[in-house]
Amino acid sequence: MNTPEVIENINVSEDRKLTFREKLACVVGLTPSTFHYQMMQTFLLFFYVDVMKISPAFVAGMFLVIRILDAILAPVLGAFMDRITTPWGKYRPWFIFLGVPFAITGWLTFTDFNLSHTGSLVYAVVTYMIYSVIGAVIGVPGGAITPAITKRVDDRVSLGQIGFLFTIIGALFVSIAAVPLYKILGGGDDAKGFSLLMAGAAVITIIVSLFQGLTLKERYIVERKIDEKAPSFKQMFVASFTNKTAVIAYLYLFGTVVSNGIRAAISLHFFKYFFQNEGLLAIMGIIGILPTLLGVAISGKLIKRFGIKASVMVSVIVSLVTVPILLFIPANSIGLGIFIATSVIGAFFAGIATPAQGSMMPAAIDYTEWKTGLNLNGFMTSLSGFVQTFGTALSGSIAAGSLALIGYVPGAEQSSSTLFGIKMIMILLPAIFTAFTISILWFDLTEEKQAQIAKELAERRNNAEIKTA
């Protein structure tokens, strides 16, 4: 009898539905991770340039170099996860191993110890590098564990719906509450306010990480005999990128991350200087929440009726169609009204698309296992982390570099050419990268095909269990 490598393997039916507690544990981490991600995207440029007084050009270079390093490290960790099994499971311990240091370094990154100019530069590089490296892989356990806990398409869509709610809670908190909170907590000292805000977030992040790591159970892990070699990095890479559906999912993610990242990084400057109202950042978060939630609420029925591809494609079309309209908005109440209207429409269709796009990568992971026999949950999810991290690096660098290019001066009244430049960074540059999301047109892994793949994978596992018994 061969001893399986996996310590714990729960034998359950492939048709078993997840309980609400399991779904909650799988996706609740999206709130703190989204909070940290949005804080980095929305406020870190502002914190470095306007609070710590670091030059935009230095920040642009730092963002690009460190995030590229993060992107390279993400697949390495994913491959490591797939090649080993800890005494506590294959993927679930990583919720704790990564969540706790991520929380602490998030607080450190947004804390200014009033060092010398050189000291501040060194401190910013070191803390941001650690925070960013962990942030690049913090989502890997959540993505990797989804195919390990359910093979049902409806469960995955449901996880996408519930997960989006937790995602939007984190994003909404940043867009609505972050500014007033750091202002109140700091009492006029923005540096102190940011530090206290991130200290509170660190406590919550640690609690959530512990809940996830102690609650989730891995049910569909392919057992490997002790004398069977783990797949090489080259085998993992080839298996992933000969999967068309995975490549499409990566391209879609890249376009979405870069376009959203540029908007997030420049939004505070856009509202503060173009519309002369910094508080619009919070107001837009409130305005966008209802249509987004409405879209998510009805997404299940629409996805079931029209399919994953059609549900996502409509959102892509709406996003691109609104660009020509926004390019000509004036810096007055009319322009603001147009901006709000298009944002509401875009938020509604984005809400419909999000649960559908969230099910694309688990489907691609199953397809790779079905086609090659390799269980690459961690590696393929980490490649998504690579794409997201590289996209974040690119978007942050583009936003910071563009501010320097258009002559932005922190805290000063901006020239007309600078204001025009801010509008172009906010509207035109993101649209260029949104074009990558058109790749969804070639996504042909239908729900019926996914169900058939799940059935065949179940048969393989049953046969493997009989042979190893």
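Is phenylalanine 436 buried or exposed, or does it fall in between? In this predicted model, phenylalanine 436 is partly exposed, with a relative accessible area of 36%. The report below treats the side-chain interactions in turn, beginning with the nonpolar core.

**Nonpolar core**

The largest nonpolar core comprises 119 residues. Met39, Phe43, Tyr48, Phe110 and Phe194 are the residues with the most contacts inside this core. Helix α10 supplies the largest share of the core, namely 14 residues. In soluble globular proteins, nonpolar side chains tend to be buried together. Once neighbours within four places in sequence are set aside, methionine 39 is in contact with Leu44, Phe110, Val174, Ala178, Phe194, Leu197 and Met198.

**Aromatic pairs**

Across the whole structure, 29 aromatic pairs are found. One of them joins phenylalanine 47 and phenylalanine 110 in a tilted arrangement, with 5.4 Å from centre to centre and 55 degrees between the planes. This pair links distant parts of the chain, 63 residues apart: phenylalanine 47 belongs to helix α2 (residues 30-51), whereas phenylalanine 110 lies in the loop between α4 (94-109) and α5 (117-137). Phenylalanine 47 is buried at 0% relative accessibility, and phenylalanine 110 is likewise buried, with a relative accessible area of 0%.

The pair of phenylalanine 433 and phenylalanine 436 is stacked, because the ring centres are 6.3 Å apart and the planes stand at 15 degrees, under the 30 degrees that bounds stacking. Phenylalanine 433 is buried, with a relative accessible area of 14%, while phenylalanine 436 is partly exposed at 36%.

Ring pairs also link Phe43, Phe47, Tyr48, Phe63, Phe110, Tyr128, Tyr182 and Phe194 into a cluster. In addition, arginine 305 lies over the face of phenylalanine 306, at 4.9 Å from the ring centre.

**Salt bridges**

The search of the whole structure yields two salt bridges, which are set out here.

| Salt bridge | Closest N and O atoms |
|---|---|
| Lysine 183 with aspartate 190 | 3.5 Å apart |
| Aspartate 444 with lysine 244 | 3.0 Å apart |

Aspartate 444 is located in the loop between α17 (416-434) and α18 (447-468) and lysine 244 in helix α10 (residues 244-274), so the pair ties together parts that are 200 residues apart in sequence. Aspartate 444 is partly exposed, with a relative accessible area of 39%, and lysine 244 also counts as partly exposed, at 44% relative accessibility. In the other salt bridge, lysine 183 is partly exposed, its relative accessible area being 37%.

Technical notes:
Residues are numbered from 1 along each chain as its sequence is written. This is a predicted model: local features need pLDDT of at least 70, side-chain atom pairs count only at pLDDT 80 or more; totals for chains, interfaces and linings use all residues. Side-chain values use heavy atoms; hydrogens and water are left out. A salt bridge is a side-chain nitrogen of Lys or Arg within 4 Å of a carboxyl oxygen of Asp or Glu. Buried means under 20% relative accessible area, exposed over 50%, partly exposed in between (1.4 Å probe, protein chains only). Helices (H or I, at least four residues) and strands (E, at least two) are DSSP runs, numbered from the N terminus. A nonpolar core is a set of buried Ala, Val, Leu, Ile, Met, Phe, Trp, Tyr and Cys residues joined through side-chain atoms within 4.5 Å. Contact means heavy atoms within 4.5 Å. Rings of Phe, Tyr and Trp (its six-membered ring) pair if their centres lie within 6.5 Å; planes under 30 degrees apart count as stacked, over 60 as edge-to-face and the rest as tilted. A charge sits over a ring if NZ of Lys or CZ of Arg is within 6 Å of the ring centre and within 35 degrees of the ring normal.
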